[in-house]
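Here are my comments on the model you sent, set out as numbered points. I have kept to what can be read from the coordinates and from the database record.

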Amino acid sequence: MSVPGSSAVLRVLWLLSVFGTVLPLDGGMLFPRESTSREVKELNGLWDFRPDGSLNRNEGFEKAWYKRRLAETGPVIEMPVPASYNDITQDPTLRDFIGWVWYEREVFVPARWISDEGTRVVLRVGSAHYYSIVWVNGEKVTEHEGGHLPFEAEISSLIRRDPTKPCRITIAVNNTLTLETLPPGTIQYMNDRTRYPDGFFVQNIYFDFFNYAGIHRPVLLYTTPTVYVDDIISLLKCLVRYKVSVQGAATATLKVTLMDKDGHCVASSNTPSGVLKVVDVKLWWPYLMHENPGYLYSMEVRQHTSTYEDVYTLPVGIRTVNVTKTQFLINNKPFYFHGVNKHEDSDIRGKGLDWPLIVKDFNLIKWLGANSFRTSHYPYAEEILQMCDRHGIVVIDECPGVGIKDIRSFGNASLSHHLVVMDELVRRDKNHPSVVMWSVANEPASEMPPAEFYFKTLIKHTKALDHTRPVTYITDSNYARDKGAPFVDVVCVNSYFSWYHDPGHLEVIPIQLNAQFENWYGKYKKPIIQSEYGADALPGLHMDPPMMFTEEYQNALLQSYHDVFDQKRKQYVIGELIWNFADFMTAQAIHRVVGNKKGIFTRQRQPKAAAFILRRRYWRLANETWRLPPWTKYPCSL
Ligand code: BDP
């Protein structure tokens, strides 16, 4: 099976002088927004689709399926975009398919986009898992390694070649994981013909969620003028330090205007980089920390030459983030993370972006009184981060560095790909006020000797990309042998006492959890977040005294953890994130009954008993810490 170029090609150097470093990426990848100079056309809906079922999964390339309509080279089915393809049909081979699948859609491009040579047309894919190649009218326009992050290609000249024809977009996506992909995986061929059919192979993964695949986020065409605002960087501290880069002309006139919520100009400038000082600044505050959380200004960038004008408006929240030995400070006030870990996961659509689900999840997060979440274990959709900005939900932004367990995944090829992924992640998410910390990995084998160089390099690189945010990775290793902990700003620890260790023995939690905190703090003197803890519970399963997998056991386990958190949060524990917000799908395994059931909500977002325990706790924590006044709609009945 072929997976082209597992390490991404480093192209034009892209200068980020505000962050004081150089990013090896071309293009700023600003989120496509409509404006007076920009149009957006969504290509969501039904695409033609065919998995390449040939033994080597290479027939599509051998027969050049991209050269003609997909329906002309074989049978196709309808496939919704965005969505994972795995759970859409009744076919188990498609659910578990590994290799190339092919998507195709024909689209009419508005005539003006074609006739106006001053219009630049860009094709953008919000994310596709894992490796993607894109053709337009049979010509390759781009390829991209990695799910969860966007990629795009300018296609203006291509679509102008034959303006009468519709534009045919073909996207081939391959979900094969190797030891050098993020996350890593391996393909294992079973060659014993007395036990396995011809060509039988499995994909081994070292992470605990279903390896959903396909086009997961919206596909768009958007326009800009040929001279356009390529990137904006805003550094968010009581003033806005910014830098605008323009492509397509050596000189352009700029006007940068910062507007408050009512559209009043509060600061302006006409230089490509500088500082916007706001008098009586309204800071961006987290949910439940202020009566007006998530305050966003609008930074309008208007750029023009004698021929072209481009307008891009970026939402901007002004806040500071700092870490001390014992505290996490937002706007110089101690912030305690009482939140959740999530997954992008739901029935039928898998990891496909789904607005009803996103809005429901935000309503549940706010109902719970949670003020934060971690994007376990990969970057979530930009649309979700934009909601976090607006609602004041604080985010620990994690890259897909999950399941780095094999020593071969610490080699140079893995590390250079990991660095590129951090480049892409920081490029995409740098302007979100809700993002307060980067997480470069989850539970890597950080005790292995090469982990020291690997994490030192990775964390240093991430800090060079963005010196305004702390960096961490999530560990479950032994505090004394962890090789990366000296380099993180905040220690994030996952532990499953009385679940994976000493199963059924709730009585071990106080002693073991206490020791965990004392050991990590004693050695590193850094604030600690309990970044995961939890227990599986099958909704409706009851037993008292509690037994594992019942709702009572999940409750009792959480409460035991909470007793210890309540002592340690007075010292250096700065947060607790439950594993998990909702039940989610995993690979089939003897310890998983149709997925992981550690959710406090079911996969259909109905509460288990534990949701009410957490709700009471989170509102109490918010109330204690910030003495919530009546504006919060505090549920007094709790
Ligand atoms: C943790 C992993 C998480 C798993 C969880 C579990 O970080 O991805 O889903 O264990 O087993 O160690 O429930």
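1. Helix α10, in this predicted model, runs over residues 551–568 and so comprises 18 residues by the assignment used here. From its first C-alpha to its last the helix reaches 26 Å, which is close to the 26 Å expected at 1.5 Å a residue.

2. As for the surroundings of α10, 13 of its 18 residues are buried, that is, they have under 20% relative accessible area, and the helix is therefore largely enclosed by the rest of the structure.

3. Turning to the ligand, 13 residues surround it, and the closest are Asp208, His377, Glu443, Tyr500 and Lys598. Sorted by class, this shell holds five charged residues, together with four polar and four nonpolar ones.

4. Several polar side-chain atoms can be paired with oxygen atoms of the ligand. For lysine 598 the distance from a polar side-chain atom to a ligand oxygen is 2.6 Å, for asparagine 596 an N or O atom of the side chain is 2.8 Å from a ligand oxygen, and for arginine 592 the corresponding distance is 3.1 Å. The ligand on its own has 320 Å² of accessible area, of which the protein covers 91%.

5. On annotation, an unreviewed UniProt entry lists residues 41–225 as "domain: Glycosyl hydrolases family 2 sugar binding". In the model, the chain over residues 41–225 is 41% strand and 10% helix, and the C-alpha atoms at the two ends of this stretch are 16 Å apart.

Technical notes:
Residues numbered from 1 in each chain as written. Predicted model: local features only at pLDDT ≥ 70, side-chain atom pairs only at ≥ 80, totals over all residues. Heavy atoms only, no water. Near = heavy atom within 4 Å. Polar contact = N/O pair within 3.5 Å; in protein donor to acceptor, adjacent residues only side chain to side chain. Areas by Shrake-Rupley, 256 points an atom, 1.4 Å probe, with all protein chains shown as cover. Nonpolar A, V, L, I, M, F, W, Y, C, P; charged D, E, K, R; others polar. UniProt positions renumbered as here; feature names shortened; annotations may be inferred. Helix = DSSP H or I, 4+ residues; strand = E, 2+ residues; numbered from the N terminus. Expected span 1.5 Å × (residues − 1). Buried < 20%, exposed > 50% of the residue type's maximum accessible area, 1.4 Å probe, protein only.
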